[in-house]
Amino acid sequence: MAIAFSGGVDSAYLLYAAKLYAEELAAYYVQSDFQPEFEREDACRLAGQLGLPLTVLHVRVLSDPQIASNPPNRCYYCKRRIFSVIEDRAKSDGFEVILDGTNASDDAGDRPGMKALKELSVLSPLRVCGLTKSRIRELSKEAGLFTWNKPAYACLATRIPHGTPISKERLERTERAEAFLISLGFSDFRVRTAVINGRDCARLELKESQLAKLCGMCSRIVSQLKDGCGYGKVLVDLEMRDE
């Protein structure tokens, strides 16, 4: 079987379980403008921990106008493109079955990308077996996987509101801003783009427990995000992320 491996919590546990039971196994990581560098590094590290080779496939997602224009169902077009590339490579390597890490906590009604997976006959065993995100974290910790407590992470494109075109510049700006906040000790947050008066502004979305830390570093954060990353303003979303 072939595993679409992102380096996140779910696909990491799937890869671990597949190694235990699969007769033959291949792992594929897709590198695109939507993935930050640390995701590739985590994927390579986990594959190395399991002693498995990892094939990195490069996909130019922004070359597809149906993706770059950022419609509400952008994820559908993106998944179709990415998994079609995985399918082509997997078949050329002799693999007919492709698995992904969708879990039982994922809401199909809010994920147009799951429609693409169904159309391409990609199997989601974690979801089929009823494994939720919390249970997968427990099993990953028992298995000794460093990903067990890795914060949930969606691709960089999700930081840009639907209808606002996705550009390499916007994605790179987001990655720089989030990398800076990570360096300050923040976790499980988002730096979303808000277009105000024609300028890209940063809207920080974080947990309430990190608000005091944010306030203590306001000047430094505003300076870096405006001068270092190029945002016009820095805003804070007071509808906090769930703890």
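Arginine 159 and glutamate 178 join their side chains in a salt bridge, with N and O 2.7 Å apart. This contact ties together distant parts of the chain: arginine 159 sits in the loop between helix 7 and helix 8 (168-183), while glutamate 178 belongs to helix 8, 19 residues apart. Both arginine 159 and glutamate 178 are buried. Keep in mind as you look around that this is a predicted model.

Elsewhere, shared partners knit several salt bridges into one network, made up of Asp188, Arg192, Arg203, Glu205, Lys207, Asp237 and Arg241. The total count is 20 salt bridges.

Now for a pair that spans the chain. Lysine 133 forms a salt bridge with aspartate 10, and their closest N and O atoms are 2.9 Å apart. Lysine 133 lies in helix 7 (residues 133-143) and aspartate 10 in helix 1 (residues 9-21), so the pair links distant parts of the chain, 123 residues apart. How exposed is each partner of this pair? Lysine 133 is partly exposed, at 24% relative accessible area, whereas aspartate 10 counts as buried because its value of 10% is under 20%.

One further pair is arginine 89 with aspartate 93, where the closest N and O atoms are 3.1 Å apart. Here arginine 89 is partly exposed at 34% relative accessible area, and aspartate 93 is also partly exposed at 35%.

The three pairs, side by side:

| Salt bridge | N to O distance |
|---|---|
| Arginine 159 and glutamate 178 | 2.7 Å |
| Lysine 133 and aspartate 10 | 2.9 Å |
| Arginine 89 and aspartate 93 | 3.1 Å |

Definitions and conventions: Residues are numbered from 1 along each chain as its sequence is written. This is a predicted model: local features need pLDDT of at least 70, side-chain atom pairs count only at pLDDT 80 or more; totals for chains, interfaces and linings use all residues. Side-chain values use heavy atoms; hydrogens and water are left out. A salt bridge is a side-chain nitrogen of Lys or Arg within 4 Å of a carboxyl oxygen of Asp or Glu. Helices (H or I, at least four residues) and strands (E, at least two) are DSSP runs, numbered from the N terminus. Buried means under 20% relative accessible area, exposed over 50%, partly exposed in between (1.4 Å probe, protein chains only).
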